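The following paragraphs lead through a structural model, from its conventions and confidence to its individual chains. Please keep the sequence and the coordinates at hand while reading.

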Amino acid sequence: MSNGLSYSLQDFIPFTADIYFRLLERMGETYWPLHLLMLILGLVTCWLAWKHRARLAAVLIAPAWGFVAYAFFMQLYAELNWAGGYIAYFFFTQAILLLMALTGIGLDSRPRKGAFALGIAIAFSGLLVMPFIGPLSSGSWFQAEVFGVHPDPTAVTTLGLVVLLFRGWYLWLIAIIPALWLLYSGLTLWALEATPAAMVIFVLLGTAMMGLVCKSFGYSLVTQDNTHDG
Amino acid sequence: MNSRFTRRQSLKMLGVGLAATLFPSIPSFAIDRELLRKPYSDNKTLPVIGLGTWQTFNVGSDTRLLDARTEVVKAFFELGGGLIDSSPMYGSAPDVMGYALQQLGVPDSLFSAEKVWSPAGGSAVEQVAELLGRWNLEQFDLVQVHNLRDWREHLAALREMKQAGLIRHIGITTSHGRRHQEFEQIMASKDIDFAQLTYNITHREVENRLLPLAQDRGIAVIANRPYDGGRLIKGLKSRDEALPEWAVEEFGCTSWADFLLKFIVSHPALTCAIPATMQVVHLRENMRAGMGAMPSANTRQKMVKYIESL
């Protein structure tokens, strides 16, 4: 007999998997067809990044974070989890950090080819692949998680774009909130026994982290080279 | 043979007929078998199967899920249920109870159990007032100090509220086997009506000291986590094993829910177990466990050995 009870991750999640997935579905029901607009916004942002218009691309992601903060976290998620209100403030903060790109801080107008490919792959995963995961597993199109409407694809797409658009210490600063949310979301899904969905989140998060590290490492090499040249 | 009905038989038949008309969805076992009740303070009794709301009733403002939970509450009362337990820690669960009671009305059998929980903010008096509004009730039957958080202040406040007639009973809770020493000291030294703790077939530490103490002090005991957060029942169901024959023979066991819940509520010190569910079909399974024969002390030992052998 085991007498030593202890808390598990599941004991910290105040809702069941059904309730959480229904919450995602409600976002779909409530805001359709905003999904299409957000999808276009995401694609336009990728195109701007490809055209090296980093400042405008970064600024365009900010409204998506503001909308998710208000509509998802403050309006719905906070009803289920007291932490929802606090998470909303983090999402608003991320929107402000993205708007700071207007000042030109940390922008990378000429990303290297490797960073560009990895960044665009991650961003497209969030934009074009993640929306199909919910419907394929549940059969309901309203469970499609979409950039700018639901937090997970918003964070994944943003991390991909961050790898493209930023560099230096600001690259890491602006990646913190999306990365932490994905970690939290992945752990939540894991605790809710939605293991495949959690694995997708962890793989994308891991890939994005690798992209951040590679980009930072690449830039430090360039800096050394420049020093020798000088 | 005398074919005439006695007065008692006639009344019973009338009752069965009425119940079948009013509650056609209730299977026959519910009509001819009553939910076992156990005494708590002042010789009142409670049905041994209650309803927990952790995780399952936290559905926010989603009308579809609010209606689904209302169906669960409706079936609970139809099957003779009484105690429903919630907490400010459970998100929107108190609001969901308010919604359900507004739809169904407040039945006489309701035994409303709430908690005060420090992180929710405000004093115990303020929390109780807010929770009453969320449940749409005027008085709680029981208010407990959740997980012993700031229990000295809260218990003193709850005692005053009880004396003023604002709440009927007071208690303390713990779960996951935490802070048992402190829990025991409070049970031994303070005047409380209820103690809520974790007790199930794989977690029986409370049998050693807390349950005997509850019997000595006349404290009613509520068992939380009867399925160990769902792991026990899921584990047993996934094994796809038949129920042991002796369980069927000795106490008419019909399901693993029956097996696990009957083990808990057959303990002499236990008053009520509070499994949580979001499905009417599971609720019916749970309620069935409070009906019919209960395992004897010897059978309980056999049940423990069986589970340990798996």
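A residue is called buried if 20 or more other C-beta atoms lie within 10 Å of its own, exposed if 12 or fewer do, and partly exposed in between, with C-beta atoms placed from the backbone. By this criterion, buried residues make up 47% of the 310 residues in chain B. The model is a predicted one, in which local features need pLDDT of at least 70 and side-chain atom pairs count only at pLDDT 80 or more, while totals for chains, interfaces and linings use all residues. Residues are numbered from 1 along each chain as its sequence is written, and chains are lettered from A and ligands numbered from 1 in the order in which they are written.

Confidence is considered next. The pLDDT is the predictor's confidence in each residue, from 0 to 100. Chain A has a mean pLDDT of 88, with 92% of its residues reaching 70 or more. Helices (H or I, at least four residues) and strands (E, at least two) are DSSP runs, numbered from the N terminus. Among the elements of chain A, helix H4 (residues 83-99) has the highest mean pLDDT, 96, and helix H8 (residues 195-229) the lowest, 76. Over residues 221-230 of chain A the pLDDT is below 50, and this stretch has 0 contacts in the model beyond near neighbours in sequence; two residues are in contact if their C-beta atoms, placed from the backbone, lie within 7 Å. For chain B the mean pLDDT is 89, and 89% of the residues reach 70 or more. Residues 1-32 of chain B stay under 50, and the model has 12 contacts for them beyond four places in sequence. Where pLDDT is low, the predicted coordinates should not be read in detail. For the complex, the predictor gives an ipTM of 0.84 and a pTM of 0.85.

In chain A, helix H7 (residues 168-191) permits a check of geometry. The expected span of a helix is 1.5 Å times one less than its number of residues. The 24 residues of H7(A) should therefore span 34 Å, and the end C-alpha atoms are 35 Å apart, which agrees. H7(A) nevertheless has a kink of about 40° at A:Ile176, shortly before the proline A:Pro178; the bend at a residue is the angle between axes fitted to the seven residues ending there and the seven starting there. Buried residues of H7(A) include A:Ile174, A:Ile177, A:Pro178, A:Trp181 and A:Leu182. An α-helix has 3.6 residues a turn, so residues three or four places apart point the same way. After H7(A) comes A:Glu193, with a positive phi near 65°.

Two further prolines of chain A deserve attention. A:Pro153 is found in helix H6 (residues 151-165) of chain A, and it counts as buried because 29 other C-beta atoms lie within 10 Å. A:Leu127 is 26 residues away from A:Pro153 in sequence, yet the two are 6.5 Å apart in space, C-alpha to C-alpha. Beyond four places in sequence, the contacts of A:Pro153 include A:Met130, A:Pro131 and A:Phe147. A:Pro33 lies in the loop between helix H1 (17-31) and helix H2 (34-50) of chain A, and a cis peptide bond with omega about 10° joins A:Trp32 to A:Pro33.

Chain B contains 13 helices and 10 strands. Two strands pair if DSSP finds at least two bridges between them. An open sheet of 8 strands has the order S3-S4-S5-S6-S7-S8-S9-S10 in chain B, with parallel pairing. Its edge strands are S3 (51-52) and S10 (272-273), each of which pairs on one side only. Within chain B, strands S6 (residues 140-145) and S7 (residues 167-173) run parallel and are joined by 5 bridges, and B:Val145 stands opposite B:Ile172 in S7(B). By contrast, S1 (residues 37-40) and S2 (residues 44-47) of chain B pair in the antiparallel sense over 4 bridges. In their hairpin, with 3 residues between the strands, B:Asp42 takes a positive phi near 60°.

Most residues other than glycine have a negative phi, and most peptide bonds are trans. B:Gln55, in the loop between S3 and helix H3 (63-78) of chain B, has a positive phi near 70°. B:Gln55 is buried, because 24 other C-beta atoms lie within 10 Å.

The contact between the chains takes 21 residues from chain B and 20 residues from chain A. The side of chain B that touches chain A divides into 4 nonpolar, 13 polar and 4 charged residues; Ala, Val, Leu, Ile, Met, Phe, Trp, Tyr, Cys and Pro count as nonpolar, Asp, Glu, Lys and Arg as charged, and the others, Gly among them, as polar.
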